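Please open the model in a viewer and keep the selection tool at hand. The stops below are arranged as a tour, each with a selection to make and a description of what is found there.

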Amino acid sequence: PLLYNSDVCVSPGLIGLTAIHSLTYGTPVITSDDFLSHGPEFEAIEDDVTGSFFKEGNVGDLCSKLSKWINLSQEEREKTRLNAYKTIEDKYNAAFQIKTIKETLNLG
(Lines give C-alpha, C1' and ligand atoms only; values in the text may rest on other atoms or scores of the structure.)
Protein backbone atom coordinates (compact mmCIF):
# COMPACT_ATOMS: atom_id res chain seq x y z
CA PRO A 1 0.00 0.00 0.00
CA LEU A 2 2.85 2.41 0.74
CA LEU A 3 4.29 2.31 -2.79
CA TYR A 4 0.88 2.24 -4.49
CA ASN A 5 -0.29 5.31 -2.58
CA SER A 6 2.96 7.26 -2.96
CA ASP A 7 3.40 10.05 -5.48
CA VAL A 8 6.96 8.97 -6.23
CA CYS A 9 9.74 6.67 -5.01
CA VAL A 10 13.08 8.42 -4.46
CA SER A 11 16.19 6.25 -4.37
CA PRO A 12 19.06 8.75 -4.29
CA GLY A 13 21.74 6.06 -4.20
CA LEU A 14 22.11 2.97 -6.31
CA ILE A 15 18.94 1.40 -7.63
CA GLY A 16 18.05 -2.11 -8.70
CA LEU A 17 14.91 -4.07 -7.94
CA THR A 18 13.42 -1.09 -6.10
CA ALA A 19 12.74 0.39 -9.54
CA ILE A 20 10.82 -2.71 -10.65
CA HIS A 21 8.95 -2.94 -7.37
CA SER A 22 7.88 0.69 -7.52
CA LEU A 23 6.82 0.58 -11.16
CA THR A 24 4.86 -2.63 -10.51
CA TYR A 25 2.67 -0.55 -8.22
CA GLY A 26 2.44 2.29 -10.75
CA THR A 27 4.72 4.63 -8.84
CA PRO A 28 7.36 6.65 -10.71
CA VAL A 29 10.99 6.47 -9.62
CA ILE A 30 13.64 9.14 -9.17
CA THR A 31 17.28 8.12 -8.96
CA SER A 32 20.68 9.51 -9.87
CA ASP A 33 22.20 9.62 -13.34
CA ASP A 34 25.11 7.42 -12.17
CA PHE A 35 24.07 4.69 -14.61
CA LEU A 36 27.27 2.65 -14.32
CA SER A 37 26.67 2.05 -10.61
CA HIS A 38 22.99 1.05 -10.84
CA GLY A 39 21.69 -2.45 -11.33
CA PRO A 40 20.34 -3.19 -14.81
CA GLU A 41 16.81 -2.56 -13.58
CA PHE A 42 17.38 1.20 -13.84
CA GLU A 43 16.63 0.77 -17.55
CA ALA A 44 12.93 0.35 -16.65
CA ILE A 45 12.84 4.05 -15.76
CA GLU A 46 11.95 6.15 -18.78
CA ASP A 47 12.87 9.76 -18.12
CA ASP A 48 9.78 11.98 -17.71
CA VAL A 49 7.49 9.00 -18.40
CA THR A 50 7.98 6.56 -15.52
CA GLY A 51 10.46 8.56 -13.48
CA SER A 52 13.45 10.86 -13.59
CA PHE A 53 17.21 10.90 -13.26
CA PHE A 54 18.81 13.71 -11.31
CA LYS A 55 22.42 14.85 -11.61
CA GLU A 56 24.45 12.83 -9.11
CA GLY A 57 25.24 14.93 -6.03
CA ASN A 58 23.04 17.86 -7.12
CA VAL A 59 20.37 18.40 -4.44
CA GLY A 60 18.80 21.25 -6.42
CA ASP A 61 18.27 19.00 -9.43
CA LEU A 62 16.81 16.28 -7.18
CA CYS A 63 14.38 18.82 -5.71
CA SER A 64 13.38 19.96 -9.18
CA LYS A 65 12.63 16.39 -10.31
CA LEU A 66 10.76 15.67 -7.08
CA SER A 67 8.63 18.81 -7.49
CA LYS A 68 7.55 17.67 -10.96
CA TRP A 69 6.26 14.32 -9.71
CA ILE A 70 4.53 15.48 -6.54
CA ASN A 71 2.66 18.20 -8.42
CA LEU A 72 1.08 16.09 -11.15
CA SER A 73 -2.62 16.52 -11.81
CA GLN A 74 -4.82 13.49 -11.13
CA GLU A 75 -5.00 12.87 -14.90
CA GLU A 76 -1.21 13.05 -15.29
CA ARG A 77 -0.74 10.76 -12.28
CA GLU A 78 -3.07 8.17 -13.78
CA LYS A 79 -1.23 8.34 -17.11
CA THR A 80 2.07 7.80 -15.28
CA ARG A 81 0.59 4.84 -13.41
CA LEU A 82 -0.55 3.25 -16.68
CA ASN A 83 2.86 3.85 -18.30
CA ALA A 84 4.55 2.17 -15.33
CA TYR A 85 2.21 -0.83 -15.53
CA LYS A 86 2.83 -1.12 -19.28
CA THR A 87 6.61 -1.02 -18.82
CA ILE A 88 6.48 -3.92 -16.37
CA GLU A 89 3.93 -5.85 -18.41
CA ASP A 90 5.86 -5.47 -21.67
CA LYS A 91 9.44 -6.07 -20.54
CA TYR A 92 9.88 -7.00 -16.89
CA ASN A 93 8.12 -10.31 -16.47
CA ALA A 94 9.25 -13.94 -16.58
CA ALA A 95 7.90 -14.68 -20.07
CA PHE A 96 9.70 -11.72 -21.65
CA GLN A 97 12.94 -12.52 -19.83
CA ILE A 98 12.84 -16.18 -20.96
CA LYS A 99 12.21 -15.07 -24.55
CA THR A 100 15.13 -12.63 -24.38
CA ILE A 101 17.50 -15.24 -22.95
CA LYS A 102 16.50 -17.78 -25.62
CA GLU A 103 17.01 -15.19 -28.38
CA THR A 104 20.40 -14.24 -26.95
CA LEU A 105 21.45 -17.89 -26.87
CA ASN A 106 19.97 -18.50 -30.34
CA LEU A 107 17.54 -21.06 -28.93
CA GLY A 108 14.45 -19.74 -30.59
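Select Phe 42 first: this residue is buried, at a relative accessible area of 15%. Here buried means under 20% relative accessible area, exposed means over 50%, and partly exposed lies in between, with a 1.4 Å probe and protein chains only. The model is a predicted one, in which local features need pLDDT of at least 70 and side-chain atom pairs count only at pLDDT 80 or more, whereas totals for chains, interfaces and linings use all residues. Residues are numbered from 1 along each chain as its sequence is written, and side-chain values use heavy atoms, with hydrogens and water left out.

**The rings around Phe 42**

Keep Phe 42 selected and add Phe 53. The two rings form an edge-to-face aromatic pair, 6.3 Å centre to centre with 75° between the planes. Rings of Phe, Tyr and Trp (its six-membered ring) pair if their centres lie within 6.5 Å; planes under 30 degrees apart count as stacked, over 60 as edge-to-face and the rest as tilted. This pair links distant parts of the chain, since Phe 42 is in the loop between strand S2 (29-32) and strand S3 (51-54), while Phe 53 is in strand S3, 11 residues away. Helices (H or I, at least four residues) and strands (E, at least two) are DSSP runs, numbered from the N terminus. Phe 53 is buried as well, with a relative accessible area of 14%.

Next add Phe 35, which is partly exposed at 36% relative accessibility. Ring pairs join Phe 35, Phe 42 and Phe 53 into a cluster. How many aromatic pairs does the structure hold? There are three. One of them is the stacked pair of Phe 35 and Phe 42, with 5.1 Å between the centres and 20° between the planes.

**The largest nonpolar core**

Extend the selection to Ile 15, Ala 19, Ile 20, Leu 23, Val 29, Ala 44, Ile 45, Ala 84 and Ile 88; together with Phe 42 and Phe 53 they make up the largest nonpolar core, 11 residues in all. Such a core is a set of buried Ala, Val, Leu, Ile, Met, Phe, Trp, Tyr and Cys residues joined through side-chain atoms within 4.5 Å. Helix H1 (17-24) and helix H3 (74-91) each supply at least two residues of this core. Which helix gives the most? H1 does, with three residues.

**The whole chain**

Now zoom out to the full chain. Four helices and three strands constitute its secondary structure, in the order β-α-β-β-α-α-α along the sequence. The C-alpha trace spans about 45 × 30 × 20 Å along its principal axes. Of the 108 residues in the chain, 34% are buried.

**Charges over rings**

Select Lys 68 and Trp 69: Lys 68 lies over the face of Trp 69, at 3.9 Å from the ring centre. Then select Arg 81 and Tyr 4, where Arg 81 lies over the ring face of Tyr 4 at 4.1 Å from the centre. The criterion is NZ of Lys or CZ of Arg within 6 Å of the ring centre and within 35 degrees of the ring normal.

**Salt bridges**

The count comes to two salt bridges, each defined by a side-chain nitrogen of Lys or Arg within 4 Å of a carboxyl oxygen of Asp or Glu. For one of them, select Asp 90 and Lys 86, whose side chains meet at 2.5 Å, N to O. These residues are four apart in helix H3, and therefore separated by about one helical turn. Asp 90 is partly exposed at 35%, as is Lys 86 at 48%.

Move on to Glu 103 and Lys 99, which form a salt bridge with the closest N and O atoms 3.3 Å apart. Glu 103 and Lys 99 are four residues apart in helix H4, so about one helical turn separates them.

**Positive phi angles**

Most residues other than glycine have a negative phi. Select Asp 48, in the loop between S2 and S3; its phi is positive, near 65°. Then select Asn 106, in the segment after H4, where phi is also positive, near 55°. Asn 106 is exposed, with a relative accessible area of 69%, whereas Asp 48 is partly exposed at 48%.
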